[in-house]
Amino acid sequence: MGGNSPCASCKLLRRRCAKDCIFAPYFPSDDPHKFAIVHKVFGASNVSKMLQELPVHQRADAVSSLVYEANARVRDPVYGCVGAISFLQNQVSQLQMQLAVAQAEILCIQMQQDPIMPTPQTEEVDPDHKPSLLQNNLPHQYLNFASSSNVRESFFGHDMVS
Amino acid sequence: MSNSSRCAACKSLRRKCPQDCVLAPYFPSNNPQRFSWVHKIFGASNITKMLQQLPVELRGEAADCMAMEAYLRVENPVYGSVGIIYQYQQQIIEVQNEIIKINGEIAVYNALLQHQQLQQHQDSFFSTDNDFNL
């Protein structure tokens, strides 16, 4: 985009919008708020550097996620996106407990079942097996960045401490 | 503050570290990597501005969260922390589906058990041992 219609970034930065402007495809002039919020949180030059380091086909997704993160940080200046991660992690923990209860119940039923009763179509539940999705998928290296133990405890719980 | 006790931020920015340095409490010199992530993604002046806008008692948590977001973005330059959010959302859907499946199996078992118990009850009621044929 160039010529008469500068993109939202160049409008905000008050500069000429070049034909090869890196922001133009992702920050159209009809949505000034989108760039404003990303600029506020990350800074235009940082965003430009980040986009330049990515192949073109990944830049749109990168911009979307940066906008999401910037919005989250403006809404919650302390926790930002990490607040959402913490909330979802708690949800996963609660659901894991519910699943464990359901698995225990079906195990009891299977152990008590009459041999005459038909065997279940589904595979038997192995009490020692947890589906891989229940294992904590977050690598342990995420734990080591925090200098405050509050964050580690509140966001990852004690199980994740390596 | 002498050169040897500069915080990670001031060391990285090659400047003096004043006594009231905003970043010093949250970017100690023994963890330079933490500041380098934050500097790369947010920029030193942005992070200083964001911390200054917060009451002092909340700055520690905020710095930790920003460090985490920066690290996640360095690790995954396309999706950053949104990638983790997406993973958790997918995990939630999978676990919920698993729970629904198992609850369904429990319901089937209970129904079969009830049916079997009813059958046994009827069989014992109509067995030839009952002295109804007078």
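Ile99(B) counts as buried, because its relative accessibility is 9%, below the 20% cut-off for that class. This holds for a predicted model, as do the values that follow. Ile99(B) belongs to helix 5 of chain B, which spans residues 80-125. Its contacts beyond four places in sequence are Leu95(A), Gln98(A) and Leu99(A). Leu112(B) lies 13 residues from Ile99(B) along the chain. The C-alpha atoms of these two residues are 20 Å apart.

The contacts of Ile99(B) lead to the interface of the two chains. Chain A contributes 62 residues to the contact, and chain B contributes 53 residues. Together the chains bury about 5100 Å². Carbon and sulfur atoms account for 66% of that area. Three salt bridges cross between chain A and chain B. In one salt bridge, the side chain of Glu53(A) meets that of Lys40(B), with an N to O distance of 3.8 Å. Polar contacts join 13 residue pairs between the chains, counting pairs with both residues at pLDDT 80 or more.

On the side of chain A that touches chain B, five elements give two or more residues each: helix 2 (32-41), helix 3 (44-52), helix 4 (56-75), helix 5 (80-112) and helix 6 (149-156). Helix 5 of chain A gives the most, with 19 residues. By class, this side of chain A holds 34 nonpolar residues. Polar residues number 21, and charged residues number seven.

Chain A itself has six helices and zero strands. Its pattern along the sequence is α-α-α-α-α-α. Chain A has 162 residues, of which 40% count as buried. Contacts between residues at least 6 apart in sequence were also examined for chain A. Of these, 41% join residues at least 24 apart.

The largest nonpolar core comprises 76 residues. The residues with the most contacts inside this core are Phe23(A), Phe27(A), Phe42(A), Phe27(B) and Leu51(B). Helix 5 of chain A supplies the largest share of the core, at 10 residues.

Phe27(A) illustrates the packing around one of these core residues. Outside its neighbours within four places in sequence, Phe27(A) touches Cys7(A), Ala8(A), Ser9(A), Lys34(A), Phe35(A), Val38(A), Val63(A) and Val67(A). Ser9(A), one of these partners, sits in helix 1 of chain A, residues 8-13. Ser9(A) is classed as buried because its relative accessibility is 0%. Its own contacts, again excluding neighbours within four places, are Phe23(A), Phe27(A) and Phe35(A). Phe23(A) and Phe27(A) are both among the core residues with the most contacts.

Leu51(B), another of the core residues with the most contacts, is one of the buried residues of helix 3 of chain B. That helix covers residues 44-52. Its other buried residues are Ala44(B), Asn46(B), Ile47(B), Thr48(B) and Met50(B). Elements of both chains cover the buried residues of helix 3 of chain B. From chain A, the cover includes helix 2 and helix 4. From chain B, the cover includes helix 1 (8-13), helix 2 (32-41) and helix 4 (56-75).

Methods: Residues numbered from 1 in each chain as written. Chains lettered and ligands numbered in written order. Predicted model: local features only at pLDDT ≥ 70, side-chain atom pairs only at ≥ 80, totals over all residues. Heavy atoms only, no water. Contact = heavy atoms within 4.5 Å. Buried area = accessible area lost by both parts, 1.4 Å probe. Salt bridge = Lys/Arg side-chain N within 4 Å of Asp/Glu carboxyl O. Polar contact = N/O pair within 3.5 Å; in protein donor to acceptor, adjacent residues only side chain to side chain. Helix = DSSP H or I, 4+ residues; strand = E, 2+ residues; numbered from the N terminus. Nonpolar A, V, L, I, M, F, W, Y, C, P; charged D, E, K, R; others polar. Core = buried A, V, L, I, M, F, W, Y, C linked by side-chain atoms within 4.5 Å. Buried < 20%, exposed > 50% of the residue type's maximum accessible area, 1.4 Å probe, protein only.
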